[in-house]
Amino acid sequence: MDALERIRARRFPIPMENSMNTHADQFRIGEKAASFLRQEKKLLIDGKWVPAQSGKIFDTYDPGTGRIIAQVPEGDAADIDDAVKAARRAFEEGPWSRITPSERGRLIWKLADLLEQNADELAELEVLNNGKPLANARNSDVALSVDMFRYMAGWATKITGETISISAPDKYHAFTVREPVGVVGQIIPWNAPLLMLAWKVAPALATGCTIVLKPAEQTPLTALRFGELVQEAGIPAGVINIVTGFGPTAGAAIASHPQIDKVAFTGSSEVGRIIVKAAAGNLKKVSLELGGKSPVIVFPDADMSVAIPGVTQGIFANSGQVCTAGSRLFAHKKVFDQIVDGIGQRAGNIRVGHGLSEGVQMGPVISPVQCDRVMGYIEQGRSAGATVAFGGTRIGNEGNFIAPTVLTDTRPDMAVVQEEIFGPVLCAMSFDDDDLEQIARQANDSIFGLAGSVWTRDLSVAHKMVRRIRAGRIGVNVHGSVDAAIPTGGFKQSGWGRERGQEGLNLYTETKSVIMSL
Ligand code: NAI
Ligand code: MG
């Protein structure tokens with residue numbers, strides 16, 4: 001039995017707080033996920049599960065049905081303050097400050113093992129709260145989260161400085177050491193809740209930082225279940241604190257807190273700017289992983305049997321709710337019709353539905369708000385002169401489903417081409433010359449610079465284009481990149497810093513230079 005068959009073999013009804021519709025009853029989840037949904041949710045602060053000080057709670061939804069599936073505490077500034085105090089104590093006086101790198105590595109690895117042991121349950125919770133298909137949650141989000149923790153567990157014992165060659169070696173000896181930046185605030189988005197948590201928590205633990213984490217208000221569930229695993233792993237109290245709540249309250253309290261040394265954020269550029277301003281108070285370090293509008297450039301010699309599925313996947317994976325989504329297609333005139341028809345055909349065959357339905361390949365978008373935002377963009381594109389070549393409509397009347405959509409006749413000045421839509425919408429454009437500079441200019445005509453891809457069999461063209469595209473990650477004959485070892489992050493307004501890989505550790509360490517007079 002593979003993992004998915006195992007999950008489907010044991011099914012329990014999803015506990016629902018209301019019963020707005022009947023179709024949801026056909027979806028079943030495992031007993032562990034069902035019992036987690038039923039249990040009362042609390043905040044994890046200083047190793048204890050506590051309610052929000054205000055006593056407030058808020059609803060969390062299944063975007064595939066619109067139904068409430070659980071309630072979680074609405075933490076705000078007061079709870080963040082408690083969490084920061086606990087993290088500070090753990091960092092400065094607690095066991096975490098004395099624990100060896102080897103022991104840290106062991107604990108991180110243990111966390112990975114626990115995620116793996118509970119992968120089925122975590123995948124189901126992720127599907128219910130985020131909407132993505134179960135196969136993706138299980139084989140991608142959870143599997144990659146496990147991998148991220150293992151990758152970073154290895155780094156815990158390998159964070160070293162350098163011996164510096166100086167110009168007066170007889171007089172001085174100099175070296176650097178890398179030390180943890182301190183207490184870090186981490187604000188997580190909803191598009192890949194557990195994986196984005198893993199990208200942030202794993203390197204912070206590896207470097208010896210302590211954490212105050214706020215999951216997105218739309219998707220708090222896997223973070224809370226993760227908190228239980230943190231305790232099971234034996235990670236000392238206060239090292240990881242988890243506060244569920246809203247952006248303008250709990251999130252803003254993290255960004256402005258004077259006792260937080262660094263804030264790591266993934267989300268909208270708009271909120272990225274708010275965070276930078278709030279962080280100015282104590283000049284905390286800031287890393288940002290913001291929006292994108294990544295170009296996908298298809299040359300006439302590209303292998304279409306690779307490019308068509310690759311470009312389709314690059315935009316419609318996770319219902320287009322991926323910061324690196326390949327949302328601007330530039331195809332050479334000679335192959336434009338072929339690739340657009342090919343993408344449209346595949347898009348039409350994508351099985352859209354509830355993430356727990358068998359065989360579903362694309363789920364809903366996260367919320368009614370996001371659904372309206374995406375549909376608004378499609379409408380705006382249409383009225384600005386774009387043609388809806390494929391899709392363009394909502395699907396069904398419950399849940400936030402949008403058909404995979406391809407817009408043609410799009411121009412660089414249109415909002416659909418300039419702004420991040422964060423939904424299943426591809427803007428297709430063509431070029432008809434061989435001037436790589438000109439093609440790159442079009443591709444770079446964006447405030448963003450997160451990712452991009454080039455599709456060609458010509459090595460020379462590939463290398464030249466890689467150099468010309470101003471973005472943090474470029475694929476050649478592939479768009480996505482999933483490995484924990486590959487740094488990712490943005491040029492231009494796509495962000496500050498790189499997550500994952502060895503570079504990801506730099507976000508969580510400070511370099512200390514030591515000079516000794518001999
Ligand atoms: P958002 O940027 O408002 O939310 C992301 C996170 O930031 C959440 O945890 C939220 O609680 C927090 N947040 C919100 N306001 C805050 C504040 N004032 N201070 C501190 N934290 C705050 O994103 P939203 O509104 O859910 O989505 C809007 C658009 O943002 C999407 O359409 C998409 O374009 C973009 N986005 C990009 C993501 C990425 O992976 N780069 C992820 C999520 C959204
Ligand atoms: Mg927002």
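**Notebook: helix packing, one ring pair and a few odd residues**

I started with S319, which counts as buried because its relative accessibility is 2%, under the 20% cut-off. Note to self before going on: this is a predicted model.

**S319 and N477, the backbone oddities**

I looked up the backbone at S319 and found a positive phi of about 55°, although S319 is not a glycine. I then checked where S319 sits: the loop between α11 (304-316) and β15 (328-332).

N477 went on the same page, since N477 has a positive phi of about 60° and is not a glycine either. I traced N477 to the loop between β23 (474-476) and β24 (491-492). Is N477 buried or partly exposed? I get a relative accessible area of 32% for N477, so I wrote it down as partly exposed. For S319 I had 2% and buried.

**α6 with α7**

Next I pulled up helix α6 (residues 134-155) and helix α7 (residues 193-207). I read a packing angle of about 10° and axes 9 Å apart. That angle is under 35 degrees, so I call α6 roughly parallel to α7.

I listed who makes the contact. From α6 I have D141, V142, L144, S145, M148, F149 and M152. From α7 I have L194, L195, L197, A198, W199, V201, A202, P203, L205 and A206. Sorted by class, the α6 and α7 contact has 15 nonpolar residues, one polar and one charged.

**α4 with α8**

At what angle do α4 and α8 pack? I find about 130° between helix α4 (residues 101-117) and helix α8 (residues 221-233), with the axes 9 Å apart. That makes α4 oblique to α8. I also noted the handedness: α4 passes α8 in a right-handed crossing.

On the α4 side I see L107, K110, L111, L114 and L115, and they meet F226, L229, V230, E232 and A233 of α8. I divided the residues of this contact into eight nonpolar, no polar and two charged.

**α15 with α16**

I did the same for helix α15 (residues 436-443) and helix α16 (residues 459-468). Here the packing angle is about 45° and the axes lie 10 Å apart. So α15 is oblique to α16, and I logged a right-handed crossing for α15 passing α16.

Which residues of α15 meet α16? I have L436, E437, I439 and A440 in α15, facing V461, K464, M465 and R468 in α16. My class count for the contact of α15 with α16 is five nonpolar, no polar and three charged.

**F58 and F246**

I counted the aromatic pairs and got five in the structure. The one I followed up is F58 with F246, a tilted pair at 4.5 Å centre to centre and 45° between the planes. F58 lies in strand β5 (residues 57-62), while F246 is in the loop between β11 (240-242) and α9 (247-256), so the pair ties together parts 188 residues apart in sequence.

I checked accessibility for both rings' residues. F58 comes out at 8% relative accessibility, so I have F58 as buried. F246 has a relative accessible area of 28%, so that residue goes down as partly exposed.

**A83**

I moved on to A83, which lies in helix α3 (residues 77-92). Its relative accessible area is 0%, so A83 is buried. What does A83 touch, leaving aside its neighbours within four places in sequence? I found I45, V212, N241 and V243 in contact with A83.

I also took a C-alpha distance from A83 to G185: 9.9 Å, for two residues 102 apart along the chain.

**E124**

Last stop was E124, in helix α5 (residues 119-130). I expected nothing in particular and looked up its accessibility. E124 has a relative accessible area of 2%, so I have it as buried. The C-alpha of E124 is 31 Å from the C-alpha of Q502, with their positions 378 residues apart along the chain.

Note on methods
Residues are numbered from 1 along each chain as its sequence is written. Chains are lettered from A and ligands numbered from 1 in the order in which they are written. This is a predicted model: local features need pLDDT of at least 70, side-chain atom pairs count only at pLDDT 80 or more; totals for chains, interfaces and linings use all residues. Side-chain values use heavy atoms; hydrogens and water are left out. Axes are lines fitted to C-alpha atoms, for helices over the stretch in contact, and angles run from 0 to 180 degrees between N-to-C directions. Helices (H or I, at least four residues) and strands (E, at least two) are DSSP runs, numbered from the N terminus. Angles under 35 degrees count as roughly parallel, over 145 as roughly antiparallel, 65 to 115 as roughly perpendicular and the rest as oblique. A crossing is left-handed if the near helix is turned anticlockwise from the far one by less than a right angle, and right-handed if clockwise. Contact means heavy atoms within 4.5 Å. Ala, Val, Leu, Ile, Met, Phe, Trp, Tyr, Cys and Pro count as nonpolar, Asp, Glu, Lys and Arg as charged, and the others, Gly among them, as polar. Rings of Phe, Tyr and Trp (its six-membered ring) pair if their centres lie within 6.5 Å; planes under 30 degrees apart count as stacked, over 60 as edge-to-face and the rest as tilted. Buried means under 20% relative accessible area, exposed over 50%, partly exposed in between (1.4 Å probe, protein chains only).
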